[in-house]
Amino acid sequence: MTYNFKTQYAKQLYNHVSNIVPIILINDDGITERARMQFDDSSQNVEIRYKSTADEIVDIAHELLHVRMQFHDRFPLLSWPANHPNLDPEIEDLVKQIGNIVNNTYILHHLFIDTEMLPISNVFYDEIRRDIKRGTIYIVQSLPPESRPLASAWRLRLADLSCSQFREKLSHDQNRLSTYFISHFQSKDPVVQDLFIYLRQNVVGSRLSNEHELGDALMRLCDKLGLPSWLHLASRQKINNKWVLTR
């Protein structure tokens with residue numbers, strides 16, 4: 001189907017990045033996330049799947065910025081050697097979490113600067129309201145145990161960004177929820193608290209302005225978590241008319 005853009009910002013972003021790599025937008029209410037970007041090696045197309053409830057800036061433009069980072073800016077991705085004998089699902093999930101945190105920190109910062117809109121979905125504030133009532137950060141419970149402290153720290157960091165950098169765009173209720181969420185959960189687990197403080201001090205959108213700064217943030221977070229030294233950075237390059245990941 002053809003997607004009809006409602007905002008000039010998302011439309012211009014799409015036109016820019018689709019000249020670099022083909023992008024297919026697919027309405028898919030079966031996905032867990034509100035929007036998701038994936039590159040298909042065989043077709044050499046980027047697919048952005050989105051729910052009917054997706055917001056064009058917060059969700060779809062967010063994914064388009066992921067495309068721009070990888071295919072235009074050639075920002076690095078955290079990767080591993082092919083068929084490494086010590087690679088396991090727990091390490092894979094932590095690598096995914098690290099990439100999401102660093103990349104999303106960059107994207108949230110730029111969405112806010114570019115659009116002057118709150119770049120975090122209202123769904124987040126509904127979720128943390130329920131977490132406060134439950135006394136647990138529900139969304140991380142489905143993750144492998146090794147990934148839960150980092151994922152919890154990222155939820156705290158999202159609340160922290162909300163009531164600091166994005167505060168002027170929050171409602172009174174959203175600001176109150178974000179502040180209380182931090183005070184309620186940050187001291188429950190010393191590992192989570194340490195990671196939250198680390199993210200607040202070391203993974204900052206305004207300090208991720210190029211591929212070197214972003215790559216350094218990825219590798220330093222790996223070191224912080226004690227992940228293996230054979231993890232490395234890779235970036236997308238076009239070789240013989242085909243996009244490949246290279247070190």
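In this predicted model, strands β5 and β6 (residues 242–246) run antiparallel to one another and are joined by 5 bridges. Within that pairing, Gln 237 has Val 244 of β6 as its bridge partner. The hairpin made by β5 and β6 leaves 2 residues between the strands, and Asn 240 there adopts a positive phi near 50°. β5 also pairs with β4, again in the antiparallel sense, this time over 3 bridges. Here Ala 234 of β5 sits opposite Leu 77.

Now for helix α8, which packs onto part of this sheet. The helix covers residues 211–224, and its 14 residues should span 20 Å at 1.5 Å a residue; the end C-alpha atoms are indeed 20 Å apart, so the two figures agree. Its buried residues are Leu 214, Gly 215, Ala 217, Leu 218, Leu 221 and Cys 222. Looking down the axis of α8, these buried residues fall within an arc of 155°, and therefore line one face of the helix. That fits the usual helix geometry: with 3.6 residues a turn, residues three or four places apart point the same way. His 212 and Asp 223, on the other side of α8, are exposed.

As for what the buried residues of α8 pack against, the list takes in two strands, β4 (77–79) and β5 (232–239), along with the helices α2 (56–72), α3 (89–115) and α7 (190–202).

The two ends of α8 have their own details. At the start, Asn 210 brings a side-chain oxygen to within 2.9 Å of the backbone nitrogen of His 212. After the helix comes Gly 226, with a positive phi near 70°.

Terms used. Residues are numbered from 1 along each chain as its sequence is written. This is a predicted model: local features need pLDDT of at least 70, side-chain atom pairs count only at pLDDT 80 or more; totals for chains, interfaces and linings use all residues. Side-chain values use heavy atoms; hydrogens and water are left out. Helices (H or I, at least four residues) and strands (E, at least two) are DSSP runs, numbered from the N terminus. The expected span of a helix is 1.5 Å times one less than its number of residues. Buried means under 20% relative accessible area, exposed over 50%, partly exposed in between (1.4 Å probe, protein chains only). The arc is that of the directions from the helix axis to the C-beta atoms. Contact means heavy atoms within 4.5 Å. A polar contact is a pair of N or O atoms within 3.5 Å; within protein, one must be able to donate a hydrogen and the other to accept it, and residues adjacent in sequence count only if both atoms are side-chain atoms. Two strands pair if DSSP finds at least two bridges between them.
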